[in-house]
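Here's a set of exercises to work through with the model open in your viewer. Try each task yourself before reading the solution below it.

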Amino acid sequence: MMSFFLRLCFIFTLLAGVLFVVINPQAVQIDTNLNDLNPEKVRDPALRYALDALTDNISQRFMVVVQSDDDKRTEQAARSLQTALNVVPGLHVAGNDEMQAAYLPAITPFRFNFLSDSQREALNDKTPEQLAAAAQRKLYQLGEGVRLVPFEQDPLGWFSDYLIGMSARLDPSMVAEKRTAAVTSFSVSFTDFPAGMTQQHAVYEQIKAAEQAVSEEFDVSVLHSGMFFFAVDSAQSAKADIQLIAAGSIAGVLVLMLLVFRSLLPLTLALGSIAAGVGAGILASVWVYGSVHVLTIVFGASLIGIVVDYSLHYFYHFLSAAQSPAQPANEKARAGGHDTVLYRAMVLSVITSLVGYGALSLAELTILKKIALFSCAGLAMAWLSVMLLGPLVVRRPIEARQPLLKAVIRSCQRVTARRPRALAIAGLAMAVMSALYLYAGGLQVNDDPRRFFHVSPALLEQEQAVSALTQVYEPGRYLLIRGQQPQQIFDALERLLSSEGVPRDSVSSIADWLPSPEAQKADYVLQAKLYSDGGVLDVFARALGLPPESVAPVKAAYVDGAGKVLDFAGLSERVDGLPPLWSAGSGAGNNKDIISFALIRKNSDLAAIEKAAAAIPEIDYVNTLGNATLALKSQRETGAILLVIAYGLVGLLLALWYRSAGVIRLLLIPASASLIAVALVLLCGQALNVFHIMALFLVLGLGMDYIIFAREMADKPDTTQQAILLSAVTSLLSFGLLAFSDMPVVQAFGSIILIGNTINFIAAISLFNGEPDKKEKGSHV
């Protein structure tokens, strides 16, 4: 009755999951966010919010560069391309002209708060008559009179002069290095970022088509740069891996199951457990993280070769029971139960596998946490499907074509199992030599996060070309300024820019867009000389013969502006497209934690800026590549320590399970396999990183699977070894395909497991080829 109830609950869970996907297919989104590979963990909520806003802003923009040898043709091509991209759903071309057009009306109501250095000097040194005469000359354009604001709002032209002085700071390309070729660049933003991998690729194809059409029509070169293109490139590479691994694994399972069992019934359970496991992994990822990362699917595809192991061991156990004269064939299955030996082996096997995959969640990398969740959910569901539905399948007699498998095993054993003791000694000797090789200097590490990706040469070449043409800031380096009041941010910036060796134009910050609140108040007070009764404006009006009431609205607007200050948050609300250089996070009232970013211009003295920032408590100098590399190094070292702890926990579990401390020596098999695997990948030219270390957890978990089954069922060596052979073939096929991936992170993972698991398999069929250990009376072993 209990078995029936459990099966009913299990089937209900499966149906609920299928129903969820059918009703809400849009809920299962494939995520291509590369930030999941970022190892830095930010615990400060305000800083995390600010960094997320900055990252989102960067990831949802890309730069387009149009280049030729003719200025006119370049401008025409750029306008045509902007029109074409604006038609693409979800895209918006954000030009500098558009941003400046929005900037002007946003700050005009606060125009009495802004003065340039030369204007302050003039107010302090010159009389009202001199200032009025200068304004009159500009009005008649005898000097350099240019007006950006109507005469009625700015009769003296002071606000227009201030805006003209700011134009270079508003358009960084104006200070870029002059080049012989005609170059035009513009930014494109996503108003509706494509959620899934398919949608992203569709948008990418439309962008590429528009660029190609403009390039051919105007004979220009069109380049693009942005995280979006790297995400699409990585997603397509991952898609190819998914197709290869999934197709290879499924094909391997189909061929093996049909070849060995010659029946569709065992195949049905095997494929059902795979579907249940992969489906559970996907739904768990969606429920916890809201989406399934594309790299999770790559690693999840390799899970196929693992979850089918449970079906293979289950079937082979009942196959051996059918051949045993001491036990009626499938008697336990018909009764709806499980053999005690099988149950113990299956439970201990899934526990060690879950320990191996679950250990991935101990890493700080979000992607490894997602892989751990996907894999553990998939393993647990696949195991349950076999244990609950297996008895229904094996009620009919199971037959297997064993001669071929026996021949393969005997061939392996002729080489490796003739002298088990010698094999064990040789394995330990190789492990010791591998350890000595690592200790003697063979251990090469590389924690550079840029090595995690395989980027197409064409895309990388475009990125470098765009950077050379348009980049005016140091990539991956910026300043982070903290405070609880806006004025504190500006004061810290002022101390930095007043430091020795730090020119004022070496940093781009919020001060380029707005003066500080205190400076705005001070400039407002200074302009009383212009707009108070009898001031410069009145002198100017009399000189032009204007009636006093004609300038009265300007003077009234000045009075009305008293105490009003424009901050960067208010400016951002009025002007779309401003960089997210300002973020007000947690806190109460006016004491919110404020985070501001400042960008460092190219060719600046980085050492001087870093030294100056170190002396100011409110400012941190951030080197994203350096910080990420250090974080990955810490993850690698921590992972190695956790691996040792995992071996200790598994050893303790084995000792408690078997009530014998001697069984701990079984851990020497995966430990030796791990050392040899690491030495071999290093000899092959790979440098060790955190993904290699995390793969060693799976070498431990999968190795213990083979060893446990081989030890628990040593009284039936023929069928047990055949099951181990089949499960090894499926898992090695999956992880072998991972090892040949174009993505370095996937390749690192797969190569370690391929080598380590091969050694585990050889040990399992060679060292456990005799009678089982004698059991003490009353022992459960």
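**Exercise 1. Place L267 and describe its surroundings.**

Start with the secondary structure: L267 sits in helix α10 (residues 264–289), where helices are DSSP runs of H or I with at least four residues, strands are runs of E with at least two, and both are numbered from the N terminus. Next, check burial. L267 has 7% relative accessibility, so it counts as buried (buried is under 20% relative accessible area, exposed over 50%, partly exposed in between, with a 1.4 Å probe and protein chains only). Now list the contacts, meaning heavy atoms within 4.5 Å. Skipping residues up to four places away in sequence, L267 touches V253, L254, M257 and L258. Finally, try a distance: L267 and S311 are 44 residues apart in sequence, and their C-alpha atoms are 8.9 Å apart.

A quick note on the ground rules: this is a predicted model, in which local features need pLDDT of at least 70 and side-chain atom pairs count only at pLDDT 80 or more, while totals for chains, interfaces and linings use all residues. Residues are numbered from 1 along each chain as its sequence is written, and side-chain values use heavy atoms, with hydrogens and water left out.

**Exercise 2. Take stock of the whole protein: how many helices and strands are there, and what share of the residues is buried?**

Count the elements and you get 30 helices and 11 strands. Then go through the 781 residues: 49% of them count as buried. For the surface, the protein exposes about 35,600 Å², with carbon and sulfur atoms supplying 59% of it (Shrake-Rupley method, 1.4 Å probe; for residues, only the protein chains shown count as cover). Last, look at contacts between residues at least 6 apart in sequence: 83% of these join residues at least 24 apart.

**Exercise 3. Find the largest nonpolar core and say which residues have the most contacts inside it.**

Begin with the criterion: collect buried Ala, Val, Leu, Ile, Met, Phe, Trp, Tyr and Cys residues joined through side-chain atoms within 4.5 Å. The largest such set has 111 residues, and M346, Y357 and F691 have the most contacts inside it. Helix α28 (residues 690–712) gives the largest share of this core, 17 residues. Zoom in on M346: beyond its neighbours within four places in sequence, it contacts Y310, H313, Y314, W383, V386, M387 and F709. Another core lies apart from this one; it has 50 residues, including L497, W513, L514 and V622.

**Exercise 4. Work out which side of helix α3 is buried and which residues are exposed.**

First, test the geometry. Helix α3 (residues 71–87) has 17 residues and should span 24 Å at 1.5 Å a residue; its end C-alpha atoms are 25 Å apart, which agrees (the expected span is 1.5 Å times one less than the number of residues). Second, pick out the buried residues of α3: T74, A77, A78, L81 and L85. They cover an arc of only 105° around the axis, so they lie on the same side of α3 (the arc is that of the directions from the helix axis to the C-beta atoms). Third, turn the helix over: K72, R79, T83 and V87 are exposed on the other side of α3. If the spacing looks familiar, recall that an α-helix has 3.6 residues a turn, so residues three or four places apart point the same way.

**Exercise 5. Classify the aromatic pairs F114–Y162 and Y204–F229.**

Apply the rules: rings of Phe, Tyr and Trp (its six-membered ring) pair if their centres lie within 6.5 Å, and planes under 30 degrees apart are stacked, over 60 edge-to-face, the rest tilted. The whole structure has 18 such pairs. For F114 and Y162, the centres are 5.5 Å apart and the planes at 10°, so this pair is stacked. F114 is in the loop between α4 (96–107) and α5 (117–125) and Y162 in helix α7 (residues 158–170), 48 residues apart. F114 is buried at 2% relative accessibility, as is Y162 at 7%.

Now Y204 and F229: 6.1 Å centre to centre and 70° between the planes make an edge-to-face pair. Both residues, Y204 and F229, are buried. They also belong to one aromatic cluster with F62, F190, F193 and F228.
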